[in-house]
Amino acid sequence: MKLQCASCLLRMASCHFKGPLAARPQLMSICDICLQAGQPAREFANPAIAALAEVQLVTFVGTKATVGAASVAKTSRVSRVRCYRKQYESFLHAFDHSELAMKQIPRQRLNQAVLASERGELPVPDLTRSLNEQLAQLGLAVTFQLNEVSYLTRAQIRMKYHHRCQYCGRRGDSIDHMDPVSRSHNNTLANLTLACHECNRTKGDMPYAFFCRLNAKLSPINQQLVAYEQTLTALKSKLQAQRQALAAEVHLHGVIQSPSLNQQRQVNKQLQDVLDSLQSDYEVLCQQRRDYLVTSWQLAQAQERGDII
Ligand SMILES: [Zn+2]
Ligand SMILES: [Zn+2]
């Protein structure tokens, strides 16, 4: 899903609009690059993201006002940034689609490079070149060749594990290097497993044994997540089927209002409410799990460095 930043007007993947790790998931009115450049998300209005946040039951960081002196005054400053940043859009899209690049380069580091490039301290990525070369222009090195896993191998691994994440048990299609790419360049089948997007991203640089040890402690939570995922999937398809049946009924009889139709609508609405509330509980649980894993890893690294005893 692509969203538009209220500050630089770039259309980017929704991951650019998730707030920094907080107790509750957030969606911001502006992208993470603008945020990192010091733009105040709270001062920008973004009706589309505000509506999305409402549907997803997450906090929206931005202003509700769509007109007013503040937003008009901001326009001149904003438009300068806009024309600059446009040229980074397809570069950022390519980056967001590259699992390998995302694994090797932290988002903050990428944003820093884009901002430095905007200020003229680094060249602008040349879009006629490959992503690898564009990243190199910004001083960001990614090893693509060493870790390339062929389509055939990917398909084999997905089949082998029946599209199940081998860490949490939810549906998963991401090929995961057990020993992370940053630690080894082992591309053999023995080092490849299947993970869900979330486990894959959260595991990041963690050594395999370390992640497995933490994950084992989370086994009751993982079971809950699997149960949530199954319920949510079943509810979603039920609701979709009921909505289609309702639409067919309206079409067939040519009437929009009738007691039985209204009753069906009422049922669908209740189902949607249940779905929303489950989805929100599920996301909170996901967030807690991620926080636990990431914090434990940060702690372990700090101990290793001798920052804490
Ligand atoms: Zn932006
Ligand atoms: Zn998983």
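1. Four donors count as tetrahedral if all angles lie between 85 and 135 degrees; four count as square planar and six as octahedral if opposite donors are over 155 degrees apart and all others between 65 and 115, and anything else is irregular. In this predicted model, the site of the zinc ion (ligand 1) is tetrahedral, with angles of 103 to 116 degrees among its four donor atoms.

2. The model is predicted, and local features need pLDDT of at least 70, side-chain atom pairs count only at pLDDT 80 or more, and totals for chains, interfaces and linings use all residues. Residues are numbered from 1 along each chain as its sequence is written, chains are lettered from A and ligands numbered from 1 in the order in which they are written, and side-chain values use heavy atoms, with hydrogens and water left out.

3. The zinc ion (ligand 1) has as protein donors the SG atoms of Cys-5, Cys-8, Cys-31 and Cys-34, at 2.2 to 2.3 Å. Donors are N, O and S atoms within 2.8 Å of the metal (3.2 Å for Na, K and Ca); water is not among the atoms, so sites may look incomplete. Along the chain, the donors of the zinc ion (ligand 1) are spaced as C-x2-C-x22-C-x2-C. Cys-5 lies in the loop between strand E1 (2–4) and strand E2 (11–13), and Cys-34 in helix H1 (residues 32–36), so the pair ties together parts that are 29 residues apart in sequence.

4. Cys-5 is buried, at 0% relative accessible area, and Cys-34 is likewise buried, at 1%. Buried means under 20% relative accessible area, exposed over 50%, and partly exposed in between (1.4 Å probe, protein chains only).

5. Two further cysteines deserve mention: Cys-196 is buried at 5% relative accessibility, and Cys-199 is buried at 0%. The count of disulfides (pairs of cysteine sulfur atoms within 2.5 Å) is zero.

6. Ser-98 occupies the loop between helix H4 (89–96) and helix H5 (99–104). Ser-98 is buried, with a relative accessible area of 11%. A polar atom of the Ser-98 side chain lies 3.0 Å from the backbone nitrogen of Ala-101.

7. Overall, the protein has 12 helices and six strands; helices (H or I, at least four residues) and strands (E, at least two) are DSSP runs, numbered from the N terminus. Of its 309 residues, 40% count as buried. Among contacts (heavy atoms within 4.5 Å) with a separation of 6 or more, 63% involve residues 24 or more positions apart.

Terms used. Polar contact = N/O pair within 3.5 Å; in protein donor to acceptor, adjacent residues only side chain to side chain.
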